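Here is a short briefing on one protein chain. Have the sequence and the coordinates open while you read.

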Amino acid sequence: MEREQIGFLDFFKTIPDHRISRHKRHEVEEILLVTFCGIITGCEGWNDIELYGKTKINFLKKYLPFKSGIASDDTFRRFFRALDPDKFESCFVEWVKSFQLNMESKIIALDGKTSRRSFDGENKPLHLLSAFASEIGLSLGQIKVDEKSNEITAIPQLLEILDLAKSIVTIDAMGCQSDISEKIIAKNADYILALKGNQGNLHEDVELFFNRNIRKFKRFSFKKTTKGHGRIETRKCVVVENIEWLRKRHPKWKNLKSIIEIESLRDIQGKVSIEKRYYISSLAANAKQIANAIQQHWGIENKLHWVLDVCFSDDQSRIRKGNAPRNIAIIKKTALNLMQIVKPHYPRISLKRMRKLAGWDNTFLEAVLLAEF
């Protein structure tokens, strides 16, 4: 009987097999398929994954032969500890690129997340910098931030592997660096970078301008009010593009076209607070577009990092040895992408319940595995 094909698995099975040939009883594809299915359906460790495979062996044989049955938990453990995560991440990126997404004017948010319980002895917890397409809810790629480094050095590496053409890249104040803005422009994209005090007097110059000189210049503004759960928030975005004076004072910023002030007024049960934040951008002064892009940036927190913690128990994961935490993080994001692709067909089912349903219903799991963007 001809077996069914799982498209996304083709991109991952090309990873080099690091195992000694005479010791191999289980094919790479079989180990990957059981692990992907296990993570999708709620497995939290190697014992879970082995038990899942043995319970669902008949379903799994629809796709691969499993002539030696399901691997032991020790086999899964050893395989992912030794697997080269850089090669595995490149497979993930190539899989996402195969979607051929039209990223024109789409928001690509960059931000980091620490898997808090992934520390091992003196090794610090895994910290990954991720790129996330906020509007469509897809993870585009990730890169490990080295223990002795920070996100500033990791951001250019992540930008290099992504297709950014015509997109809008948003980064918090950590990434507000002139060489990063230059890298984004070189990738044929635009940027919106948050300002803080880490860029000398650039933040101060922009803040003073909005507080003292704004009325003298043409400005574009957009205001939006949202209500819910006893909270009223009004966000006002003001953009100015007549900033030749700023470009002369800070000539190293590539394609700097506009500066932005976001004023957030929050009324929570009668208690009012006001917060102002400042940004620089290579975009022209379209206040509505820029306000939307800045708000969409937080999708990486709400739709990726929060989901990984709440739905995939990422912060509670005890997988911590060798390369395993990083490799499993890639599998979790693959699982999340697959579920996001099918999510529009199940609008009333949360992602957390979708994982349960995939464990209960093989037909639904199959729909997730065969999902194509």
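The points below cover the sheet, the helices that pack around it, and one residue in detail.

This is a predicted model. Its open sheet has 9 strands with mixed pairing. Helices α6 and α12 both contact this sheet: α6 lies across β2 and β3, and α12 touches β1, β2 and β3.

**Sheet layout**

- The strand order is β3-β2-β1-β4-β5-β9-β8-β7-β6.
- The edges are β3 (138-144) and β6 (220-228), and each of these pairs on one side only.
- From one strand to the next, the twist averages 25 degrees.

**The parallel pairs around β4**

- Strand β4 spans residues 168-171 and is covered on both faces.
- I168 and T170 point to one side, V169 and I171 to the other, and all four are buried.
- β4 pairs with β1 in the parallel sense, over 4 bridges. In this pair, A109 stands opposite T170.
- β4 also runs parallel to β5 (residues 190-194), again with 4 bridges. Here V169 faces Y191 of β5.

**The antiparallel pairs β6-β7-β8**

- β6 and β7 (residues 231-240) are antiparallel and share 9 bridges.
- T225 stands opposite T234 in this pair. F222 has C237 of β7 as its bridge partner.
- The β6-β7 hairpin has 2 residues between the strands. H229 takes a positive phi there, near 55 degrees.
- On to the next strand: β7 and β8 (residues 258-268) are antiparallel over 10 bridges.
- C237 has I262 as its bridge partner in β8. C237 is thus a link in two pairs, with F222 as its partner in β6 and I262 in β8.

**Helices on the sheet**

- Helix α6 (residues 85-97) lies across β2 (126-133) and β3. Its direction is at about 155 degrees to that of β3.
- Helix α12 packs on the sheet and touches β1 (107-115), β2 and β3. The angle between α12 and β1 is about 35 degrees.

**Helix α11 against α12**

- Two packed helices are described by an angle and a distance between their axes.
- For α11 (residues 287-297) and α12, the angle is about 30 degrees and the axes are 5 Å apart. The two helices are therefore roughly parallel, as the cut-off for that label is under 35 degrees.
- On the α11 side, the contact is made by Q295, Q296 and H297. On the α12 side, G299, I300 and K303 take part.
- By type, the contact residues divide into 1 nonpolar, 4 polar and 1 charged.

**Helix α14**

- Which residues of α14 (residues 351-360) are buried? They are L351, M354, R355 and A358.
- They cover an arc of only 105 degrees around the axis, so they sit on the same side of α14.
- These buried residues pack against α2 (28-40), α12 (299-310), α13 and α15 (362-369).

**A closer look at I341**

- I341 belongs to helix α13 (residues 324-342).
- Is I341 buried or exposed? Its relative accessible area is 13%. The cut-off for buried is under 20%, so I341 counts as buried.
- Leaving out residues up to four places away in sequence, I341 touches F99, L138, A371, E372 and F373.
- I341 and G137 are 204 residues apart along the chain, yet their C-alpha atoms are separated by 8.7 Å.

Notes. Residues are numbered from 1 along each chain as its sequence is written. This is a predicted model: local features need pLDDT of at least 70, side-chain atom pairs count only at pLDDT 80 or more; totals for chains, interfaces and linings use all residues. Side-chain values use heavy atoms; hydrogens and water are left out. Buried means under 20% relative accessible area, exposed over 50%, partly exposed in between (1.4 Å probe, protein chains only). Contact means heavy atoms within 4.5 Å. The arc is that of the directions from the helix axis to the C-beta atoms. Two strands pair if DSSP finds at least two bridges between them. Axes are lines fitted to C-alpha atoms, for helices over the stretch in contact, and angles run from 0 to 180 degrees between N-to-C directions. Angles under 35 degrees count as roughly parallel, over 145 as roughly antiparallel, 65 to 115 as roughly perpendicular and the rest as oblique. Ala, Val, Leu, Ile, Met, Phe, Trp, Tyr, Cys and Pro count as nonpolar, Asp, Glu, Lys and Arg as charged, and the others, Gly among them, as polar.
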